[in-house]
Amino acid sequence: MTTKEPKTIFGQFIEYARSVDKVWLKTWIIIYVGFLILDAYTHIRYGNGTVTREINLFGDTYAIELISNGTFIGTTILKFAGIILNVVYAFVKFPKDHLLQIALALTLLADTLLVLNNTSPIGVLVFCFAQYFHTSRFMGSSPKFFIPWSILLLTLLFMGWIYQIDSIFVVGFVYAASLIVNLILVRKWYNATRKEKKSSEIAKRASFCAFYGFVLFVCCDSCVGVSFFSLIGVLPAFLYGFANYFSWLFYYVSQVLISNSSVLVRDQKKSQIIKNSLGESIQP
């Protein structure tokens, strides 16, 4: 007897959350609630301010920014630990899904670069590569998609260089285009798993996590856009703190969901066939 899938999004989310290893789930929740509370407190108390403390170490004095633009250094460490955890989770739970592992590892690298410089074009470019590997996950190796898509992305980068457009805007546009394409692909996959009666529970769970993970990813990057434009003076400065807070409100959950979006689980049968977003069969 098969159980009926909950109709509401929240019901499906709770159902899939129950299937996740409880140790991992509790750890994600503790990290998420922890940095949200710390972030809210420091932004309410210090706004976009900076707090520096001097420490003496072996006779030398060092200045450390405990709070930078309203963000406590401990909060940043907690967020960073959460992203590392997602990469480890993918390697432990989905050892066969190398594309997912690479995409999450690149995401970690991009986050590292952006922690050091939150307007780093290189950091955004690494995010573009992460999105490219996610696209590979959802499309397989379909040449009729990847050849024109790759040419388009390279053309955009080349035209940006030719016309000497600021690199952060060029890679930002390429990244945004890649993210939207992935959202469209996972939406098609999500719809397909709901319509096809033969879709496995693994595929339904993975497509759910992928789709809503990328929905939240788009919400996050919309906030990042607001944050960036408030930083350079296009939008009011007071939006900077709010945008940064809400970006992580969406981002962390999106990465947890995406790290659970694989169909290549440990006990998967080798004969199982998975279809990409074009309806072509992919043999794991």
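## Report on a predicted helical and stranded chain

Leu231 lies in helix H8. At 43% relative accessibility, Leu231 counts as partly exposed, because that value falls between the limits of 20% for buried and 50% for exposed. The model described here is predicted.

**The nonpolar patch**

Leu231 belongs to a nonpolar patch on the surface, which also includes Phe158, Met159, Trp161 and Ile162. Further members are Tyr163, Ile165, Phe169, Phe229, Ile232, Val234 and Leu235. Together the residues of this patch have about 1,200 Å² of accessible area. Helix H6 (143-162) and helix H8 (201-231) each supply at least two of the patch residues. The largest share, four residues, comes from H6.

**Around helix H6**

Leu153 also lies in H6. Leu153 is buried, because its relative accessible area of 9% is under the 20% limit. Leaving out residues up to four places away in sequence, Leu153 touches Tyr132, Val174 and Ser178. Leu153 and Ser178 are 25 residues apart in sequence, and their C-alpha atoms are 8.6 Å apart in space.

The loop between H6 and helix H7 (167-195) contains Gln164. Gln164 has a phi near 55 degrees, which is a positive value in a residue other than glycine. With 72% relative accessibility, Gln164 counts as exposed, because the value is over 50%.

The three residues with a stated accessibility can be set side by side.

| Residue | Location | Relative accessibility | Class |
|---|---|---|---|
| Leu153 | helix H6 | 9% | buried |
| Leu231 | helix H8 | 43% | partly exposed |
| Gln164 | loop between H6 and H7 | 72% | exposed |

**The paired strands**

Strand E1 (residues 51-57) and strand E2 (residues 60-68) run antiparallel and are joined by seven bridges. In this pairing, Asn56 stands opposite Thr61 of E2. E2 also pairs with strand E3 (residues 71-72), again in the antiparallel sense, over two bridges. Here Ile67 has Phe72 in E3 as its bridge partner. The hairpin of E2 and E3 has two residues between the strands, and Asn69 in this hairpin takes a positive phi near 55 degrees.

**Helix H3**

Helix H3 covers residues 73-93. How far apart should the ends of its 21 residues be? At 1.5 Å a residue, H3 should span 30 Å, and its end C-alpha atoms are 30 Å apart, so the two values agree.

The buried residues of H3 are Thr75, Lys79, Gly82, Ile83, Leu85, Asn86, Val87, Tyr89 and Ala90. An α-helix has 3.6 residues a turn, so residues three or four places apart point the same way. What covers the buried residues of H3 includes helix H2 (22-46), E3, helix H4 (98-116) and helix H9 (239-259).

**The chain as a whole**

The protein chain has nine helices and five strands. From the N terminus, the order of elements begins with two helices and three strands, and the order ends with two strands. Of the 284 residues in the chain, 43% are buried. Among contacts between residues at least 6 apart in sequence, 65% join residues at least 24 apart. The chain exposes about 15,700 Å², and carbon and sulfur atoms supply 69% of that area.

Terms used. Residues numbered from 1 in each chain as written. Predicted model: local features only at pLDDT ≥ 70, side-chain atom pairs only at ≥ 80, totals over all residues. Heavy atoms only, no water. Patch = residues over 30% accessible without salt bridge, like charges linked within 9 Å, V, L, I, M, F, W, Y side chains within 5 Å. Areas by Shrake-Rupley, 256 points an atom, 1.4 Å probe, with all protein chains shown as cover. Salt bridge = Lys/Arg side-chain N within 4 Å of Asp/Glu carboxyl O. Buried < 20%, exposed > 50% of the residue type's maximum accessible area, 1.4 Å probe, protein only. Pairing = 2+ DSSP bridges. Contact = heavy atoms within 4.5 Å. Expected span 1.5 Å × (residues − 1).
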